[in-house]
Every structure is written in structure tokens, then in C-alpha cells.
Amino acid sequence: MKSRGLILASLVLAALSGTLYWSNHRKPAESSPKASVETPPKLLTINQADITSVEIKKKGGEDVTLAKNDAGKWQITSPKELGADRDAVSSMLSTLSSLGADRLIEEKADNLEPYGLIDPQIEVNVTEKSKKTEKLLIGDATPAGSTFYAALAGDPRVFTLASYNKSSFDKGLKELRDKRLMTFETDKVIRLELWAKKQSVEFGRNKDQWQIVKPRPLRADQFLVEDLLRTLEDAKMDFSGSDDEKKAATAFHSGTAVATARVTDASGTQELQIRKSKENYYAKSSVVQGIYKVTSGTATGLDKSLEDFRHKKLFDFGFVEPDKLEMHDGAKTYTLARSGSDWWSNGTKMDESSVRMLVDRVRDLSSSKFVDRGFTMPVLDLAVTSNEGKHVEKVLISKNGDRYVAKRENEPALYELDAAAVRELEKAAADIKPSPAPKK
């Protein structure tokens, strides 16, 4: 019995010893850093500010070289000198500055040919201001197809690179060139001219306020003029089609004129012409050479008339809370003044909701159309004071048959109003009432 117990004890001791041995030898491997296959090193780590030029060579494509000029701006220097697309270049430089691999495939590759790295699909040469150059090679797709083999020239290691990183460098002249057709500085524009729909309109800006200058001085809708300016700022070459330069030029010269715009800022005047040929639109700019297809959105954004830009609201105070409102409706007179958040009339505190209804009706008064005649004896007289008493607007409304025609003080323009809007205004004025007395 003792010998049997001794044997069992020996077996247990041996098992425990084996487990302890395995555990002691296993722990360093588990506690050590993961293999480089799981956490490969960076392919490139470069200070983005130190990059001075980038050359992209694509297999079967045109080589493109970009360089930073003395002013610190990026330009395309080869195959021809062109401005560079700021967003595309910025994205590519950001990727280059900290380019991570997907996986390490081989530590010391004796032959790069199986990976397509002898004659790579893409070669990117990055030069720093120290004159040091890094050469990134991107080869064939991996069997899975979601990554590509990559290596650095002079480094025996082979990595895989994510397809989205590869796409950052898979760009040609069309993708990298500045596609803007106008390069003015928006905040420095002082004049804007538009020829469209057989009309000529000129806008002038005084600080942040736009005004229609020609064909005659008129109030301009600030939002719509700014939208026109944004359309011009966003006008870009459209390379989605297959039209070559000669076809585009032919289509432009035989096309129908849609619009011509001129923008003047501190550096001078730029012009853009848009024409339509069949279902496509083409543009010619004074900023860049050549004729280019543009999107229909650019064309329709410019194809507007004088009436489209006129300010249709009778009052300019917008969403600002007015300081004072006066209204004369025949024998009835309404005088309202604001103090803080309270409204008062002749020393009586007025019901806030009823006053706000009247203010909203005044704010919403808009022209249904502009007319040249029809203003007669006024039946309504309104005055709104805002901006701490600095801005006073006065409007007279007359009735001519079933029509209501309004006129702003010191303005020749006439605004025809919907009869329903005038009736709602009169009802809102009649409905204002004193604020209810506080409950005891």
C-alpha cells in the first residue's frame, strides 16, 4: 500500500513539475511584445513641413512632379506647370508623413519580383529640404485583393499596404491639378457683374452689404448674392466625361451662351463664360487656359435674372428683435416700444404673444412681384426701429382695387403684396391686448 501511494505521489509530483516547467518557459513569450507580423513598423515617418517635392510615377501612366515654391505653395512642375489642388496635395502629404503598413510579409526578401516590386505599379519619390529622398514602391495586389505589396527602396522588408493608402498616391495630372476656374479671394471681392437671361446686373459691396448698382440702384438679397459668389468660387473643371480639349473647344464655340460673370477683388478682375452644347455645359476662364466641361449646377447657379436677386422683404430687420413698431391703419394707431423682453404701449404693458404675432406679420411682408405702377393713396403706414434706434424703416401700403402696392421710404421700387398678407397684418394689429394682471 505504501509503495502504491509512493508511486501515485511521484506521478503527481512529476505532473506538477512539468506544468511548472511549461509555465516558466511560456510566460516570457506571452509577456513579450507581439510579433512584428501583427504590429509592423511604419513605412514612412517624415515631418510634413520638411517635404519639398513629390514625384509620382505610375506604370503605364504620365509621371507627375509637385514642388513647393518660394512662397510655400505647392505647384505641379511636370509634365507642365500648373497650380496644384490644395486638398488633394494636403491629403497626400498627410498620408506620406506617417505611412503605416498593414502587415510585414517578409523580413529579408531575396527576390521582389513575386510581389510586383521590380516594376512597381506606383513609385513615389519624396524629397525633404535636407535633400534626403525616400522611394516608396507599391506593387501587385495581394491574393485577397484588399491590400497591395509595398517596400522602401534599399530596405529588404516587404509589407502590405491598405488599398485606401495606395489610392492616396494613385493620382495623375487631372486629380492633382487645381481645378478651380476662378481664384479670387471671397472676402476681398468689391464688385460682381453678371450677364444672363439677356440682362446685365452689377453688384457692389460696401463692407458686408451688397447692393444692386446696375441697371439701377436696388436692394439686393444678401443671401442670394453670396450664393452666386459661392457658385463662382466653387466652379471647377469637370473631368468625369470623355471630352478631350479639342472637342470641348468646338462644343464651347458652337454652343449657346448661358452666362458670363466678372469678379473684381484687390488683385484685379476675373471672368468666366458658360455655354451650353446639347446637354453639356462648357466654360472658359480668364484665369486658366483652355475650355473645360462644368457641371449643370454651376451653369444653373449663374443663369439668373435681375428679379432673382432683388430683396423681396419690405423690412430689413430680419430676425433681430425691433425696438419700436408704429402702425397707422386708417383712424387706428398702434405704438409699441420694447424694454428688455417686455412690450409697452402708452405706459401699458402689452401681452407678449400678441405683440410677437404682429411683429412676425410685419417681418414676413414680402413682395409677390415687383411692379412699375399702381401706388395710390396709402391706407397703411408702418415704421420699425431696430439696432438700438440706429435703423429706422418706413413703409407705405396703398390699395388699388384688389391689389395692395407698397413703397419703402426714399426708394422708387414698388412691391405688390398678397391681399391675404395685408389682412393677416391688420388682424394681428387688432388682436394685440394688454398683458393680464398678475394673480393675487
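**Entry 1: terms and model**

I begin by noting that helices, H or I runs of at least four residues, and strands, E runs of at least two, are DSSP runs numbered from the N terminus. I also note that what I am reading is a predicted model.

**Entry 2: Asp244 and helix 6**

With that numbering in hand, I placed Asp244 in the loop between helix 5 (222-233) and helix 6. I then asked whether Asp244 is buried or exposed. Neither word fits, because its relative accessibility is 39% and Asp244 therefore counts as partly exposed. Looking for a partner distant in sequence, I found Ile291, which is 47 residues away along the chain from Asp244, while the two C-alpha atoms are 9.6 Å apart in space.

I went on to helix 6 itself, residues 245-254, where I noted Ala248, Ala251 and Phe252 as the buried residues. They cover an arc of only 100 degrees around the axis, so they sit on the same side of helix 6. On the other side of helix 6 I found Lys246, Thr250, His253 and Ser254, which are exposed. As for what the buried residues of helix 6 pack against, I listed strand 17 (268-277), strand 18 (280-285) and strand 19 (291-294).

**Entry 3: helix 10**

I next took up helix 10, which runs over residues 419-431 and so has 13 residues by the count recorded for it. From its first C-alpha to its last, helix 10 reaches 18 Å, close to the 18 Å expected at 1.5 Å a residue. In helix 10 I marked Val422, Leu425, Ala428 and Ala429 as buried. Why do the buried residues line one face of helix 10? Seen down the axis, they fall within an arc of 125 degrees, and that is why I can speak of one face. Arg423 and Lys427 are exposed, and I found them on the face of helix 10 turned away from its buried side. The cover over the buried residues of helix 10 includes helix 9 (352-363) together with strand 20 (324-329), strand 21 (332-339), strand 25 (378-386), strand 27 (403-408) and strand 28 (414-417).

**Entry 4: two buried residues**

I looked up Trp210 in strand 14 (209-214), and its relative accessible area is 0%, so Trp210 is buried. Setting aside neighbours within four places in sequence, I listed the contacts of Trp210, among them Val189, Ile190, Leu192, Phe203, Gly204, Arg205 and Leu229. Arg191 lies 19 residues from Trp210 along the chain, and I noted a C-alpha separation of 9.1 Å between Trp210 and Arg191.

Asp50 made a second case, this time in the loop between strand 1 (42-45) and strand 2 (51-58). With a relative accessible area of 18%, Asp50 is buried, since the cut-off for that word is under 20%. Not counting residues up to four places away in sequence, Asp50 touches Thr127, Glu128 and Lys129.

**Entry 5: backbone exceptions**

Before searching the backbone I reminded myself that most residues other than glycine have a negative phi, and that most peptide bonds are trans.

Where in the chain does Pro79 sit? I found Pro79 in the loop between strand 4 and strand 5, and the bond that joins Ser78 to Pro79 is cis, with omega about 10 degrees. I recorded another cis bond from Lys214 to Pro215, with omega near 10 degrees, and Pro215 is in the loop between strand 14 and strand 15 (218-219).

Turning to phi, I noted a positive value near 50 degrees at Lys197, which belongs to the loop between strand 12 (191-196) and strand 13 (199-206). Lys198 is placed in the loop between strand 12 and strand 13, and its phi is positive too, near 60 degrees. Lys197, at 47% relative accessibility, counts as partly exposed, whereas Lys198 is exposed with a relative accessible area of 89%.

**Entry 6: the largest pocket**

Finally I looked up the largest pocket, whose volume is about 640 Å³. Of the 21 residues in its lining, Leu82, Gly83, Ala84, Asp178 and Arg180 are the closest to the centre of the pocket. Which elements each supply at least two residues of that lining? I wrote down strand 4 (74-78), strand 5 (82-83) and helix 2 (86-97). Sorted by class, the lining has 8 charged, 7 nonpolar and 6 polar residues.

Note on methods
Residues numbered from 1 in each chain as written. Predicted model: local features only at pLDDT ≥ 70, side-chain atom pairs only at ≥ 80, totals over all residues. Heavy atoms only, no water. 1 Å grid on protein atoms, 1.4 Å probe; cavity = no way out; pocket = protein on both sides within 12 Å on 5 of 7 lines; lining within 4 Å. Points joined across faces, edges and corners; volume = space filled by probe spheres on them. Nonpolar A, V, L, I, M, F, W, Y, C, P; charged D, E, K, R; others polar. Expected span 1.5 Å × (residues − 1). Buried < 20%, exposed > 50% of the residue type's maximum accessible area, 1.4 Å probe, protein only. Arc of directions from axis to C-beta. Contact = heavy atoms within 4.5 Å.
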